[in-house]
Amino acid sequence: MAKVGIVMGSDSDMPVMAKAADILEKLGIEFEMKIISAHREPDVFFSYAKSAEEKGFKVIIAGAGMAAHLPGMCAAIFPMPVIGIPMHTSSLGGRDSLYSIVQMPSGIPVATVAINGGANAGLLAAKILATSDDEILKRLKEYSAKLAAQVEEKDRRLQETGYRNY
Ligand code: RP5
């Protein structure tokens with residue numbers, strides 16, 4: 001059963017949302033991915049958000065751009081954590097999306113990651129699940145160890161070749 005709902009306002013958000021999905025797949029976490037526009041199809045949106053708990057979702061990752069109401073409205077309805085991903089936009093560089101998602105009124109939090117922060121949204125969802133799942137916790141520790149090994153390898157190469165030939 002999918003534990004994470006990934007939802008985006010448009011297919012134009014897919015390249016960023018796919019990074020969240022890739023992380024969850026790597027960590028062996030089941031997810032459901034949907035394109036639902038809170039503005040263009042409000043009825044579809046409401047039935048998605050209202051049924052998310054009974055579907056078994058423990059976290060929702062919601063990405064949207066511009067006047068990005070999708071994550072906040074998910075958080076207004078879904079009783080568990082919502083992670084918001086602000087999309088980069090051509091007109092305002094994603095500040096519009098960021099402010100729309102991060103500036104939630106008191107009582108309705110959205111855990112907002114960086115503009116286009118798809119991978120971190122996936123990791124944050126995994127970390128939330130890891131608080132009650134030792135297997136996911138173990139995989140997250142392995143993931144972190146691999147990241148550290150990659151940096152060590154880069155430094156090893158730097159020491160070997162010198163910065164001019166790096
Ligand atoms: C938002 O409007 C979507 O999340 C997307 O980031 C933005 C633009 O949507 P399209 O015009 O590309 O469908 O609702």
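The ligand sits in the largest pocket of this predicted model. The protein buries 71% of the 360 Å² that the ligand exposes when taken alone. Elsewhere in the description, a search of the whole structure for aromatic pairs returns two.

**Ligand surroundings**

- The residues around the ligand are G9, S10, S12, D13, R40, A64, G65 and M66.
- Sorted by class, this shell comprises four polar, two nonpolar and two charged residues.
- The two charged members are D13 and R40, while A64 and M66 are the two nonpolar ones.
- The polar class takes in G9, S10, S12 and G65, because glycine is counted as polar in this scheme.

**Polar contacts of the ligand**

- The side chain of S12 places an N or O atom 2.7 Å from an oxygen atom of the ligand.
- R40 also approaches through its side chain, with a polar atom 2.9 Å from a ligand oxygen.
- G65 contributes through its backbone: an N or O atom there lies 3.1 Å from an oxygen atom of the ligand.
- These separations count as polar contacts because the cut-off for a pair of N or O atoms is 3.5 Å.

**Aromatic pair F45 and F46**

- The rings of F45 and F46 are 5.3 Å apart, centre to centre, with 65° between their planes.
- The arrangement is classed as edge-to-face because the angle is over 60 degrees.
- F45 has a relative accessibility of 1% and therefore counts as buried, the limit for that class being under 20%.
- F46, at 32% relative accessibility, counts as partly exposed, since its value falls between the 20% and 50% limits.

**Aromatic pair Y48 and F57**

- Y48 and F57 form the other aromatic pair, with a centre-to-centre distance of 6.4 Å, which lies within the 6.5 Å limit for pairing.
- Their planes are 55° apart, and the pair is tilted because this angle is neither under 30 nor over 60 degrees.
- Y48 is buried, as its relative accessible area is 4%.
- F57 is likewise buried, with a relative accessible area of 1%.

Notes
Residues numbered from 1 in each chain as written. Predicted model: local features only at pLDDT ≥ 70, side-chain atom pairs only at ≥ 80, totals over all residues. Heavy atoms only, no water. Phe/Tyr/Trp six-rings, centres within 6.5 Å; stacked < 30°, edge-to-face > 60°. Buried < 20%, exposed > 50% of the residue type's maximum accessible area, 1.4 Å probe, protein only. Near = heavy atom within 4 Å. Polar contact = N/O pair within 3.5 Å; in protein donor to acceptor, adjacent residues only side chain to side chain. Areas by Shrake-Rupley, 256 points an atom, 1.4 Å probe, with all protein chains shown as cover. 1 Å grid on protein atoms, 1.4 Å probe; cavity = no way out; pocket = protein on both sides within 12 Å on 5 of 7 lines; lining within 4 Å. Sits in = over half its atoms within 2 Å of the grid points.
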